[in-house]
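Me: Could you take a close look at one helix in this model for me, and then walk me through a couple of other spots along the chain? Plain talk is fine.

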Amino acid sequence: MAGIGTAALRLDGPAKVTGGAHYGSDAPFGKPLYGVLVTSGIARGRITAIDEQDARAEPGVVDIFTYRNIGKIVPGNIMDGDGYMGTSIAPLASAAIKHDGQIVALVVADTFEAASAAAYRLKIDYAEEVPAATFDSPGTETVAGVVASKKHKDPAVGDAEGAFAGAPVKIDAHYATATQHHNPIELFTTACSWSGGKLTVWESSQNMWGAKTGLALQLGISPDDIHFVSPFVGGAFGSRGSLTQRTAIVALAAKKLARPVKLATARDQGFTIATYRAETRHHLKLGATRDGKLVSVSHEGFEVTSRPDNYMVSGTDASTRLYGCPNVASKVSIVHADRNTPGFMRSPAETPYIFALECAMDELAYALNMDPVELRKVNDTQNEPIKGLPYSSRSLVPCFDAAAKAFGWSKRSMQPGSMREGEWLVGWGTATTMYPSNISASTARVTLFPNGTAKVQTATHEIGQGIYTVCALIAAGKLGVDPANVIVELGDSNLPPAPVSGGSNSTASVSNAVSKACDEILAKRAQGANGAIEAYAENIPKGDPPDAIRKLYKGQPSFTGGTESKDSIRFAFGAQFVEVRVHRLTREIRVSRTTGAFAAGTIVNPTTARSQLMGGMIWGISAALHEATEIDPRNARYTNKDLADYLIPVNADIGDIEVIMIPEEDSIVNPLGIKGIGELGNVGMNAAVANAVFHATGVRIRQIPIRLESLLVA
Ligand code: MOS
């Protein structure tokens with residue numbers, strides 16, 4: 001009977017390709033009004049005047065909302081401080097402008113066209129101050145991470161400085177990664193409708209229970225009076241994990257006007273009203289013996305954040321623990337600039353931090369004249385170096401062995417520029433990926449019907465990862481029914497809560513809760529129950545705080561895993577291999593093929609797992625060669641806020657991709673042994689591409705995305 005490990009097609013696939021899947025702006029509200037946002041034209045200063053006359057004269061306009069008729073709602077409701085928003089700037093609260101593209105008005109009209117025309121005619125005057133755009137801009141403020149955030153730690157052990165001074169082989173280098181935006185294809189939309197004091201919100205979300213709790217705080221009503229609906233999510237990648245300012249404004253407009261209001265923001269507005277990946281800089285110092293054993297690892301990171309918020313990427317948790325080394329130092333600082341607040345974007349911490357470490361490891365391999373794969377093996381460890389805790393499982397070497405074999409790595413010649421094919425310089429590069437294996441408390445209700453069908457209900461989120469199918473497989477395997485006969489209901493805050501679908505925790509958290517509910521059904525049946533048998537289960541992972549379920553019901557999951565556990569350290573691992581071809585004269589860079597091997601415990605559905613890992617690998621290529629949000633240093637404004645100028649790869653940019661899943665058993669991470677793979681696939685890929693470009697050309701580029709002109713100048 002089908003169950004865990006069955007390669008199953010997505011149960012929601014047909015609905016998605018026939019238009020049957022409904023997203024936020026598809027909310028079935030009769031006779032809605034339409035909202036359009038107006039966003040700030042300056043990055044720092046104040047609104048001095050708003051002239052609504054022309055805008056209100058536009059036929060069809062119903063109302064205009066600004067700070068003058070909204071005012072302070074709930075300031076400081078940010079995730080950092082146990083809140084729910086991605087920014088501490090309260091929606092339409094005051095005349096103050098903290099970043100370019102901040103929401104300054106919501107225009108509501110009978111039609112989208114009328115609202116758009118009126119938004120265009122709204123006149124807003126500003127008193128502008130000179131903004132600081134990014135690193136090195138005058139007026140930024142640098143703050144140590146341990147000062148900025150109570151949660152941040154700078155992992156360290158031994159004497160990294162002393163060991164570096166005495167090391168026979170050293171690397172001392174600086175790396176940088178660009179600002180990036182998620183750009184999910186589904187735009188940021190919100191639809192709100194009130195009925196008898198109860199609010200229904202259609203908004204694609206990664207955290208419905210969090211969104212409803214956070215919105216209730218903002219509106220001063222009970223969370224029980226808010227119903228969040230999000231059956232499908234058209235891309236999230238972290239951008240829908242926290243509330244943005246728009247939701248409360250739309251809710252207030254719908255309440256005042258006593259009509260449903262739908263808002264669909266424009267693509268360019270998505271760059272400033274939601275979160276994004278912070279720009280980062282890194283200073284890496286590696287010291288090693290002549291046979292390649294690391295004796296010192298030092299990682300210093302700098303991250304751009306907004307003026308008011310202390311959002312931190314904090315990737316040294318992983319980078320200081322990847323390899324065995326007795327002396328480790330790290331320090332992270334944040335740099336406040338006049339930007340919107342960054343936030344989670346697929347493998348938020350590991351993407352930039354492991355990039356820096358894995359490029360430095362490649363440089364070390366060349367300094368040692370040692371094969372880069374061999375260097376990773378020499379420094380492999382089953383105990384993390386900071387506290388000496390054992391990895392719950394770690395199959396990095398089997399990943400390197402399998403991927404290297406499939407890729408044909410043994411045919412590589414070490415010398416850069418030595419593998420040519422006609423006009424093309426061929427380069428082969430590699431890097432490690434790692435990602436914490438998280439699990440949170442989660443709940444589910446399962447019903448088994450006498451006719452052999454079953455129903456699974458849990459308020460998790462289908463963000464594209466295939467969780468509908470995962471839920472069906474778990475229940476089918478446990479209850480002995482066909483997965484096609486399992487109805488899965490999710491994406492609705494009236495269902496039992498599941499955690500935020502972030503940190504690659506959902507499959508582990510939700511599967512274990514569904515499995516537990518199925519066990520209770522089987523127990524009830526064994527005790528003689530008949531008819532429809534229903535069970536509600538709460539799965540509380542070992543090591544979770546005692547109030548984990550209470551917090552889950554407030555939309556605040558408590559993650560165990562990664563470096564959070566006292567007795568072990570829990571990560572999934574993988575090995576990335578890349579072939580690039582760089583044109584001898586033009587320096588055009590092409591990725592011709594990639595191989596990744598990953599070990600992440602139990603794989604529930606190999607079909608969707610493969611897609612997810614592949615998607616991650618593609619995003620890694622994109623990060624290395626394409627994606628960057630550019631900012632104008634004069635006015636702190638993003639200059640490529642659209643999908644024409646924000647580069648992403650198309651099919652022709654992506655060559656062959658091979659995904660290998662290495663079997664791995666881990667009974668420590670959770671009863672089902674699931675580690676999570678949503679973010680594992682993209683980590684390390686950026687470094688593997690950069691390392692391959694070095695191998696092709698002999699030019700070491702330490703900043704991504706890598707541009708043709710950097711190779712030409714060199
Ligand atoms: Mo993901 S960036 O953990 O939502």
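Reply: Helix H10 covers residues 350-368, and at 1.5 Å a residue its 19 residues should span 27 Å. In this predicted model, the C-alpha atoms at the two ends of H10 sit 26 Å apart, which agrees with that expectation. As for its surroundings, 18 of the 19 residues of H10 are buried, so the helix is largely enclosed by the rest of the structure. Right after H10 comes Asn369, which takes a positive phi of about 55°.

Now for a buried spot outside that helix. Thr244 belongs to the loop that runs between strand S11 (226-229) and helix H7 (246-257). Its relative accessibility is 6%, so Thr244 counts as buried, the cut-off for that being under 20%. The side chain of Thr244 makes a polar contact of 2.9 Å with the side chain of Arg246. If you set aside the neighbours within four places in sequence, Thr244 is in contact with Met85, Ile273 and Ala274.

For the opposite case, go to Ile185, in the loop between strand S8 (169-177) and strand S9 (189-195). Ile185 has a relative accessible area of 69%, and since exposed means over 50%, Ile185 is exposed. Ile185 also has nonpolar company out there: together with Leu643 and Ile648 it forms a patch on the surface, with about 290 Å² of accessible area for the three together.

So, to put the two loop residues side by side: Thr244 is buried, whereas Ile185 is exposed.

Notes:
Residues numbered from 1 in each chain as written. Predicted model: local features only at pLDDT ≥ 70, side-chain atom pairs only at ≥ 80, totals over all residues. Heavy atoms only, no water. Helix = DSSP H or I, 4+ residues; strand = E, 2+ residues; numbered from the N terminus. Buried < 20%, exposed > 50% of the residue type's maximum accessible area, 1.4 Å probe, protein only. Polar contact = N/O pair within 3.5 Å; in protein donor to acceptor, adjacent residues only side chain to side chain. Contact = heavy atoms within 4.5 Å. Patch = residues over 30% accessible without salt bridge, like charges linked within 9 Å, V, L, I, M, F, W, Y side chains within 5 Å. Areas by Shrake-Rupley, 256 points an atom, 1.4 Å probe, with all protein chains shown as cover. Salt bridge = Lys/Arg side-chain N within 4 Å of Asp/Glu carboxyl O. Expected span 1.5 Å × (residues − 1).
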